[in-house]
Amino acid sequence: MIELSSEASFNFFDAMTEKKLTPMMQQWQEMRAKLSDDTLLMFRLGDFYEIFQQDAEWGAKLLGITLTHRHGMPMAGIPFHAADSYIQKLLDQGIKIAICDQIETPQPGKLVKRQLTRIITPGTRLADTQIDAQRNHFLLALNLNKNTLNAAWLDLTTGEFFLASESKPEDLFAAFEGLDPREIIVPEHGAEQWALPHTNARFRELYDHLANGRAISQIPDYHFDEASGAQSVMEALGVLNLEGFGLDKSHPALGAAGALIHYATETLCAKPENLRTIREYTSERTLLLDPATLRNLEIFKSAANTRHGSLLAAMDGTVTPPGARQLERWLCTPELDLAEIQRRQNCVGEFVSAPGLAGELQNLLKGIRDIERILGRLQNRMRNPRELGGVRDTLVALPAIATTLLEFPDTPVAALAARIHNFDSLSETLNRGLADELPGNIADGGTIRDGFDETLDHTRSLTRDSQKWLADFEQAEQARTGIKNLRIRYNGAFGYFIEITKSNIALVPEDYVRKQTMKNAERYTTNALKEREREILHAEEKAIAREEVLFNGLIADILKYADALKETAAAMAEIDVFIGWGSLAREWDYCKPQLDHSDTLLIDQGRHPVVEQIMRTERLGLAGTHAFVPNDCRLSSSAKAEDAPQIALITGPNMAGKSTYIRQVAQIVLMAQSGAWVPARSCQIGLVDRIFSRVGAGDELARGNSTFMVEMNETANILNNTTARSLVILDEIGRGTSTYDGLSIAWAVIEHLHPSNVGGARTLFATHYHELTQLAKTLKRVENYSVAVKEWNDDIVFVRQVVKGAADRSYGIQVARLAGLPTSVIDRAKTILERLESDDSAHNLLRKRMQKEKSGSDTKDEDDQLALF
């Protein structure tokens, strides 16, 4: 497994038997001393990355490779050419890897110079093999100052850089859940304090949930200093002040931003070079969804924790990685800016009305590469010839894209087209300079096209002449010796040699000098071959060196256009999203929603965007029709509204579709404020500032929280933070405890959400507590709805239609029969139900009153008895 270079003459392993370390081991020890204990050092040694001592024991177990010992020292190694797959395996386990590379060509008898070239962590990976092309890759820094949360996040692969400061930490955690940071940077002492009882309990709960399963890196607290942070940010951006970004030097989150710059510099082993701007995130400009709501509504992941079945997957019609990332960013931060929402809607409309041009553009977009991330790697010194080929190929495709966009004059799409720059000069340079087929490494040669540089052409001609000389020499030696299978060969260890099989040894001339003995052959050289070998190797070295100079020159040419290339890439990403949304709107008959500053929510024939798509290929539900049934929704937070309630109280049996209905309303709002068209016949939405949900049941046993406790935590968050502009969806509040406790809590929650003289949050409340429907008599902005079913011979058929009026029963026993419970259990359940319904508890008095009221009978007796409770 260990392959030593010419440095082996230093008797590296003999060091293990001596008190004094060899020069190479001293080199390793110096590198290791610079690293934290949680970082694994990979030390380049010839064609391998070697891992020594404690790192070897740790690394061998993590990678599943063989652990060996030399003179008592643990060691393991991986091939240099296969390092990417091993590095990825470590990163997936949250391990940091330090790379120590050789920075000069090994020479016999001389210690090779080495240095740390990169520290790769889960949040700072850059290589395209180490990241998800369709997702951002954020590194997040957090610092809690009293009760104010200061944060900054950075995607090194794209250069996106944000900071934020919020006195209500939960408002920022709503954004973090969507960002899905790959690594979180926290202050050492501060993180210890967060675990203490005096820390804000809500912050501690949200932080623990965010940190669960993510890499956490602690750095000294002084790296979060605001003044030094401001200076670090200005240096990284190359500016004298931050006024051009709308920031003051005293912004409290600059400490977290500076911590990110420090950490990025440490891991890149150089200052990050692809940072050009920093933007402030404020929750006031964004529709907020707390972490629980993002999970409950399955925005980014389904309940099965997969992308399939999520709203993101249902809305994704993109064909490029930058487009997919743009879509995710917009879903993560839906807009409150009406003008921006309308701009996006209008762009979608242009592509809806021009399907032919949209399809043509989409095909052209498939030919472009991920310029944003290619630039990030080039600017941060990760350079290979194929990345330049990606830029070249993209620039070739741009003119056709720009020409097609001219078909949308005087439209919002025309404004996007104006952001696509002309790169004719750069395109011509790259086409002249780069070969058609590019190697993966500049050291392999063949990157620069013949005819681009006279010096390189001359050097290459010497190499080609030498190859012809070698072929002629082989033929001449075959004729001179009479050995027909004599061959001239080459390898890195022995250079050029003459190989002769053992059966022809007697024919070897006296001027041949033996170089190596093999099992079935002998290898020789001659004075003439040695002389030509020196010429060939010198010419190849000169050619590679010249190619590297020209290669770096082409990179410099590209980076001159970095800002224009980024703007062009951003415009094409938006176009990709809009075309995808336009195609979605045509295929599924979506409408353009009308958004305004009113307090209404009116959806005509709305549909669930995810369920509707899945039903095309999968049969969902146990009974009834399998075509998706659309439903209306009318809500208003106004205390004066008469045609739409503030709270819609929805009853009906299990499996009837209550949860699907309330989720679809929330998802339609989210889609609309992201700028997309929505699955409905028509839609009017007064801008929503927050969406809250309490849907589904689940416990957090590892954190000591039962199902009911989780439910109450989420409900408390809603009641403490909702506003008159919010949308609240609640499903089965109170079911995790006893019937009377649960009913009481649900009743009180509805009353709290229904202020007496002012408007409240627009609310959809699904429940099996039929007693709650009586609230519509005392709370003027509550209205009863139910999900219709049809009964037939003691069976039920789900109609899926939401209609006005309360349901009179839950049909739980009928649903249990559909689920396959034994007949004996069903029959016994009916008997028990009849007994329970015959008692005089408040629960059943309410039920009897409802039944009498529905039949028109006198309810005075029940009213008198209920007055006692």
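What follows is a short chat about a predicted model of a protein.

Q: How many helices and strands does the protein have?
A: In this predicted model, the protein has 29 helices, and alongside them there are 27 strands.

Q: And what does the C-alpha trace span along its principal axes?
A: Along those axes, the C-alpha trace of the protein spans about 125 × 70 × 65 Å.

Q: What percentage of the residues is buried?
A: Of the 869 residues in the protein, 53% are buried, while the area that the protein exposes comes to about 38300 Å², with carbon and sulfur atoms supplying 50% of it.

Q: Which residues have the most contacts inside the largest nonpolar core?
A: That core has 137 residues, and the ones with the most contacts inside it are Leu142, Trp153, Phe176, Ile691 and Leu764. The largest share of this core, 14 residues, is contributed by helix H20, which covers residues 562–588.

Q: What does Phe176 touch?
A: Leaving aside residues up to four places away in sequence, Phe176 touches Leu140, Leu142, Leu149, Ala151, Trp153, Pro181 and Leu210. Apart from the largest core lies another one, of 30 residues, which includes Leu163, Ile185, Ala230 and Leu268.

Q: Switching to contacts across the chain, what share joins residues at least 24 apart?
A: Among contacts between residues at least 6 apart in sequence, 69% join residues at least 24 apart.

Q: Last topic, charges: how far apart are the mean positions of the positive and negative ones?
A: The protein has 96 positive and 119 negative charges, and the mean positions of these two sets are 3 Å apart.

Methods: Residues are numbered from 1 along each chain as its sequence is written. This is a predicted model: local features need pLDDT of at least 70, side-chain atom pairs count only at pLDDT 80 or more; totals for chains, interfaces and linings use all residues. Side-chain values use heavy atoms; hydrogens and water are left out. Helices (H or I, at least four residues) and strands (E, at least two) are DSSP runs, numbered from the N terminus. Buried means under 20% relative accessible area, exposed over 50%, partly exposed in between (1.4 Å probe, protein chains only). Contact means heavy atoms within 4.5 Å. Accessible areas come from the Shrake-Rupley method with a 1.4 Å probe; for residues, only the protein chains shown count as cover. Lys and Arg count as positive and Asp and Glu as negative; His and the chain ends are not counted. The place of a charge is taken as NZ of Lys, CZ of Arg, CG of Asp or CD of Glu. A nonpolar core is a set of buried Ala, Val, Leu, Ile, Met, Phe, Trp, Tyr and Cys residues joined through side-chain atoms within 4.5 Å.
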